[in-house]
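Good morning. Please look at the sequence and the structure while I talk. I will take two single residues, then one contact between chains.

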Amino acid sequence: MASYKFMFLIPNKMYISDALRSTLGVAVENHYGFGAVLYQKLPPVTEYMKENLEWTKDMEGDVFCVVDTMDEEAKKYNVDEVGLTPITLEELGKQILEADYVVAYGLPYQSRELPSMCADSRTVDTAKTE
Amino acid sequence: MKLLYLYRFKPTEATEKTKKLVDLVSKDNEVKEYRLYEDNPDYDKVVDMIWEADKVISWW
Amino acid sequence: MSEEEKDMNKLGIFVTNPHQDTWRHLKGIVKAVQKAGKTARVFFTFKSVHLVQQSDFLEFVKMIPEEDFAICHDSYTCEGFDGIPTGLAEKQMRSQAYHGDIVDVCGKYISL
């Protein structure tokens, strides 16, 4: 069976987690799954997302952070803390041409900052409240 | 490579952000474009263009 | 499936968002594909599952054979829904594997 290379392009923060699930989803079906996060810092990373990232890399895929489309804070978090692989826009362009299938995933980039109700991942420190 | 770009959404500041990437991908390739966001898209033509292209990218 | 076994007259469509324009383009493209004597295979993922609530969804789904349309079951559940959307059969509630199948079976592919 043929194995194809997928490139998922992800500009919208609310779609990052699920785009990475789809990236892994094609890898599990014997294809090569690659994702590229553009423009922003990832939302706080859950255990689920961490596992998806690791599994995607184990299956010869990868998730990129397009470093020349975001600020230093976003770059530092995405690369150093989350573990995305840094690439430039030019390198992404080459990856897109090499891919068999390109998925511009979800909605376009969202300029408004996410409000707390969908951005906040702080947990209540129960030790402090006892 | 014959590329077909489908533009799904009306141009906004958000969609303009992808222009640089689109230009990088287009270099040295034969590119056709269709603006789906314009009034009354000709979907018959879009389907013909899909079948003619080597790769289709549905940009935002 | 090898390249030779793909159906070159079949378009795979991976739908990734619930935007009103996405719905409009999906319907237009599928109708045009069928008018051209070809077929389409469609998969809704993540928030695009909300499109099953469109007023003309039933009319749309009747256009496509059961094996050529599915939605991501986990996405449907994670969006707060339960059961199976009206108009769909249980076997149309699928996993991301269905997306992998699309490129194995379909000679052409787009995402929306």
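Helices and strands here are DSSP runs, counted from the N terminus, where a helix has at least four residues and a strand at least two. This is a predicted model.

With that numbering, find the loop between strand 2 (39–44) and helix 2 (57–62) of chain C; C:Phe46 sits there. The phi angle of C:Phe46 is positive, about 50°, and the residue is not a glycine. Is C:Phe46 buried or exposed? The cut-off for buried is 20 or more other C-beta atoms within 10 Å. C:Phe46 has 25 C-beta neighbours inside 10 Å, so it counts as buried.

Now go to chain B. In the loop between strand 2 (30–35) and helix 3 (43–52) of chain B you will find B:Asn40. B:Asn40 is another residue other than glycine with a positive phi, near 50°. For exposed, the cut-off is 12 or fewer. B:Asn40 counts as exposed because it has 6 C-beta neighbours inside 10 Å.

Last, the contact between these chains. How many residues does each chain put in? Chain B gives 14 residues and chain C gives 15 residues. On the side of chain C that touches chain B, helix 1 (20–35) and strand 5 (106–111) each supply at least two residues. Helix 1 of chain C has the largest share of that side, with nine residues. Sorted by class, this side of chain C holds four charged, four polar and seven nonpolar residues.

That is the end of my part.

Methods
Residues numbered from 1 in each chain as written. Chains lettered and ligands numbered in written order. Predicted model: local features only at pLDDT ≥ 70, side-chain atom pairs only at ≥ 80, totals over all residues. Contact = placed C-beta atoms within 7 Å. Nonpolar A, V, L, I, M, F, W, Y, C, P; charged D, E, K, R; others polar.
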